[in-house]
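Okay, thanks everyone for squeezing me in. I'll put the structure up and then walk you through it.

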Amino acid sequence: MEILKPKKSEEIRKILKDIYGLELDGIFLLSGENKIRYFEGSIDIKTLSYLMKNFSIETIGIYLGKIFNDEIRLSFDAASLFKDQITKNIIEISKEEVEQWFKGFNLQKDARNGFYVIKYKDVIGCAKLSNKTIYNYVPKEKRFRKGIL
C-alpha cells in the first residue's frame, strides 16, 4: 500500500468529480492492482507516511474502488457511504430489475457507456454500462436465489 503523489491524487479527484460529481479532500492510497483506498481523518500525510514506513499497517481507510483506464468503479461501501454526495451517473431501477440484479443478472438500459451508481430506493451498487447492458458486479455471496422483495 502506498500514498498517492499529489498529481495522481488530483487525477483521482478529477475522475470522481467528472463521473460521479463526488468531491473528496482526503488522502488516496494505492492498494493492490489498481485498487484505491480513501482516508479522511486527523492524521496528515507526513504522519501517515511515517506510520506506514515504521509499522506493519495492513489497511487504512475505506476501499474506494478500482481504476479502469481513466474511470473508477466505486465499491459498494463507498457508493453507500458517499450516496448523498454523488450527483452524477445514477441509474434508478425498478422492483423487477432489482430482483434480477440480486440474482446476478445483467440489466438493459438505454444510456451512454460508463460507470454508474445503481439505486432502488437506496444505493445497491456500482456497475459498468456498455452497449445498453449494465454488467452485474454483485459478488456471488451477496446474491439471492429466491425473491427478496
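So, one thing before the residues: when I say two residues touch, or are in contact, I mean heavy atoms within 4.5 Å. And keep in mind that this is a predicted model.

With that cut-off, let's start at Glu-97. Leaving out residues up to four places away in sequence, Glu-97 touches Leu-107, Gln-108 and Lys-109. Glu-97 sits in helix α4, residues 95-101. Now, is Glu-97 buried or exposed? It's buried: the relative accessible area is 17%, and the cut-off for buried is under 20%. As for polar partners, a polar atom of the Glu-97 side chain is 2.8 Å from the backbone nitrogen of Ser-94.

Okay, on to helix α1. It has 15 residues and spans 21 Å from first C-alpha to last, close to the 21 Å you'd expect at 1.5 Å a residue. The buried residues in α1 are Ser-9, Ile-12, Arg-13, Ile-15, Leu-16, Ile-19 and Tyr-20. Those buried residues cover an arc of only 160° around the axis, so they end up on the same side of α1. Remember the general point that an α-helix has 3.6 residues a turn, so residues three or four places apart point the same way. Over on the other side of α1, Pro-6, Lys-7 and Lys-14 are exposed. And what do the buried residues of α1 pack against? The answer is β2, β3, β4, β5, β8 and β9. Right after α1 comes Gly-21, with a positive phi near 70°.

That brings me to the largest nonpolar core, which has 24 residues. The members that touch the most others in there are Leu-16, Tyr-20, Phe-28, Leu-64 and Leu-74. The elements giving two or more residues to this core are α1, β3, β4, β5, α3, β8 and β9, and α1 gives the most, with five residues. Take Leu-64: setting aside neighbours within four places in sequence, its contacts include Leu-16, Phe-28, Ile-36, Leu-74 and Phe-82. Apart from that core there's another one, of 13 residues, among them Phe-102, Tyr-120, Ala-127 and Ile-134.

Now the sheets. One is an open sheet of five strands, ordered β1-β2-β3-β4-β5, with antiparallel pairing. β1 and β5 are the edge strands, each pairing on one side only. Inside that sheet, have a look at β3. Four of the five residues in β3 are buried. On one hand, β3 pairs with β2, antiparallel, over four bridges, and Leu-30 stands opposite Ile-36 there. The β2-β3 hairpin has four residues between the strands, and Gly-32 in that hairpin takes a positive phi near 75°. On the other hand, β3 pairs with β4, again in the antiparallel sense, over four bridges. Across that pairing, Lys-35 stands opposite Lys-66, and Arg-37 stands opposite Tyr-63.

There's also an open sheet of five strands in the order β6-β8-β9-β10-β7, and here the pairing is mixed. Its edge strands are β6 and β7, each pairing on one side only. β6 and β8 run parallel and are joined by three bridges. The bridge partner of Glu-92 is Lys-119, in β8.

And that's my tour, so let's go to questions.

Definitions and conventions: Residues numbered from 1 in each chain as written. Predicted model: local features only at pLDDT ≥ 70, side-chain atom pairs only at ≥ 80, totals over all residues. Heavy atoms only, no water. Buried < 20%, exposed > 50% of the residue type's maximum accessible area, 1.4 Å probe, protein only. Polar contact = N/O pair within 3.5 Å; in protein donor to acceptor, adjacent residues only side chain to side chain. Core = buried A, V, L, I, M, F, W, Y, C linked by side-chain atoms within 4.5 Å. Expected span 1.5 Å × (residues − 1). Arc of directions from axis to C-beta. Pairing = 2+ DSSP bridges.
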